[in-house]
Amino acid sequence: MTAFTDITNIPTPQCWQDVRDVLDAGVERIILFGPPGTGKTYAGLNYGNVAAGAYRVACTEDMTEADITGCWMPSANGTWQWSMGKAIKAWEGDGFTGGRLVLDEIDRANGDVESLLLAVTDTIESAKWEHPENGRSVRPRNGFSVVMTTNLERMDDLPTALKDRFPVAIRINAPHPAALASLPEDLRAPALASADANRGRRFSIRTFQTFAKLRGPLGTERAASLLFGDVAGDILDALRVEAVTS
Amino acid sequence: MTAGIAMPEWLTRLDRTNGAWDVQAGSSQRGDAWTNSRDRIMRVPVGGDETNRSIRAHEMTHAKISPETNNLGTELGISHGSIIAAEEFRVNTLIKVAGFDPDALIDGSEKLAGERLAQMKDYAGMVHAVGATAGTRACRHFLTGVRRADSEMGKKLREVEKAILSEWSKPARRYGEKALARRWGNTAPTGAPDGSSESGYTVGYINGNLPVARKLDAAIEMLSTPQSADEDDSEPTEITSDQLKKVLTGKDGKFAPLRLEELPLTKTVRGTLGKTRTATNVGRNPRRINRMLTDPQRRVFDRTRRNAGGIVLIDQSGSMALSSEDVEKMMEASPGCTIIGYSNGSRSLSNVWVMAKDGRRCEHIPSGNGGNGVDGPAVEYAASLARRGEPIVWVCDGMVTSEDDELFENLDQQCARLVRRHKIHMVRDVEGGVAALDEVRKGRTLPTKYVGKVRMGAYAVGIL
């Protein structure tokens, strides 16, 4: 079981505490939603029981079943062989225990893939897939878990049947403390507050990490203008207010 | 012109965690920009000119330093309007240090507002307007408007402005603007200045807001209360600008000189107070084993020695409302201590008296119930009697006053310095005093403690 890292001086935000509690309790279907750049995918790939492997699928409109269950691929000796999709790999896990399937940006998947995902993410008892190469029936192994992530703010926008397979949906509105700890101390609080700000004032942890990297060699003003564009001046004003009392 | 937006998410506070803000687009008209720190909502103009930028900086500074509620301090007897005006002054001062232009905070309504308020003789309104805009172009325009209607009032309000500005400029000359800005903007949470359980106070608020707000209240009081011109029975008149200046900027409060009375100490007191452990080379339990290597005499044992006592200073002024039974209670709780009472104006020949010393005490306890008036000299006298390490307990509500029994900030500060220098433990009442002496009896050391206005004085001089 991968433990959450407790970072000194940065309290764990409630949303991350919720993720920890849910995964520790053994819940195997969970949706993490909310603003981008807060570490939802990272959490899906690393937290909870992922010893049997974690497999990530980034959903797009153009994706096909090949990404989920697999496809026939030409081999070097002129024959065709089946290339296993990530969902089936996650079902199989390490051969003893099921692995973790992380479905990113689930709202972007097309209708065909969505239907397939309904089957793939069903309960262990109901899910079943026939291997086209050998006709063997494959079922998810015990321990198989799925974490879906999306930037959608309303879960109503997801298909009802898919949503029903994921009883727990947690809104991630703060960067994980481990990600915050990678920032210089003076940028941690702004990064925490900005993660869930309204459009135009929202900046992901990646933006802050880049800002921290750039402001050293380029200076704060140039780094801000490169990264924040139109609002760079306003951010510099805020930093000026911050500096006078700090 | 590029539109601007406020970024309060980039601000940090020590007293609470920041979060996402709802920033609404407003205009640069006075009153249309505001900050609600509790719900994290801000309304600011979105224009890109200097006025709008300064307004955004002003509101962001509120988000950075102001308390969640805008009436913090009213429980101390300060008016709500003065607290709000003082907060505006604190914020404007800090944005100036940050490099923004507070002179840009102007909407053209100031002259008319000044004229109207002067015509209506709205003293509170005028003082609050001056306090909120002191040191900016808006204040100059406001005073121009006031002078149109009442030139003498214009002069008086100018004195008020100067007095408010001196709250910043004087310490800024001493500590430097940046250091003082850090102090005024310090959001470290701290206890209420009066020692009550009121929460929400920060170091910056106590240092930057409350003294200004008190001064504004004093100005309103002086302006709206007719003064007796002289000692004769002539008609009361309005205060002059010179008188106002003296009151607002005067730091000339002074204590009455000490007039000591040696009461006949006829009764013997049994017992002593406190105990001290000292090292000795004879004993049963070696508690100081490190001394085996460091002490040539190898004093590794402990010896408990009874202390002679300590010093108890009792404020017997009228505000304390102490009965002779209360004082008796204190004397019983402090056997072996030197006990000193004081109150100025209650006894014709003396204002400080020694009621117990060297194991003897007086028969009859003198009644005080006059003014304070002599707090500082009494504390110094008490401290001069204390032997090394002896505790000094000062029973006082913190309302130290001048020889005329008036309140002065410099006297608060003077007493705060004395409390710190002599490590005095202040208590508000007899119960507190008895509890403190009980601690001494158990051999515990009393911490230095400030009470009431002395505590405010300690904040003002940077002790707390």
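## A nonpolar patch on the surface

Let's start on the outside: B:Ile289, B:Met292 and B:Leu293 make a nonpolar surface patch of about 350 Å². Patch members have over 30% relative accessible area and no salt bridge, with nonpolar side chains joined within 5 Å. B:Leu293 sits in helix α11 (residues 291-294) of chain B. With a relative accessible area of 79%, B:Leu293 is exposed (exposed means over 50%, buried under 20%, with a 1.4 Å probe and protein chains only).

## About the model

This is a predicted model, in which local features need pLDDT of at least 70 and side-chain atom pairs count only at pLDDT 80 or more. Residues are numbered from 1 along each chain, and chains are lettered from A.

## The nonpolar cores

Now look inside. The largest nonpolar core (buried nonpolar residues joined through side-chain atoms within 4.5 Å) has 84 residues, and those with the most contacts inside it include A:Phe228, B:Trp10 and B:Leu157. Helix α9 (residues 210-224) of chain B gives the largest share of this core, 8 residues. A second, separate core has 30 residues, among them A:Val57 and A:Phe166.

## Aromatic pairs

Over all chains there are 14 aromatic pairs (ring centres within 6.5 Å; planes over 60 degrees apart count as edge-to-face). The rings of A:Trp16 and A:Tyr47 have centres 6.5 Å apart and planes at 85 degrees, so this pair is edge-to-face. Both A:Trp16 and A:Tyr47 are buried.

Another edge-to-face pair is B:Trp168 and B:Trp184, with centres 5.0 Å apart and planes at 75 degrees. B:Trp168 lies in helix α6 and B:Trp184 in helix α7 of chain B, so the pair ties together parts that are 16 residues apart in sequence.

Notes:
Side-chain values use heavy atoms; hydrogens and water are left out. Helices (H or I, at least four residues) and strands (E, at least two) are DSSP runs, numbered from the N terminus. Patches are made of residues with over 30% relative accessible area and no salt bridge: like charges are joined within 9 Å, nonpolar side chains (Val, Leu, Ile, Met, Phe, Trp, Tyr) within 5 Å. Accessible areas come from the Shrake-Rupley method with a 1.4 Å probe; for residues, only the protein chains shown count as cover. A salt bridge is a side-chain nitrogen of Lys or Arg within 4 Å of a carboxyl oxygen of Asp or Glu. Rings of Phe, Tyr and Trp (its six-membered ring) pair if their centres lie within 6.5 Å; planes under 30 degrees apart count as stacked, over 60 as edge-to-face and the rest as tilted.
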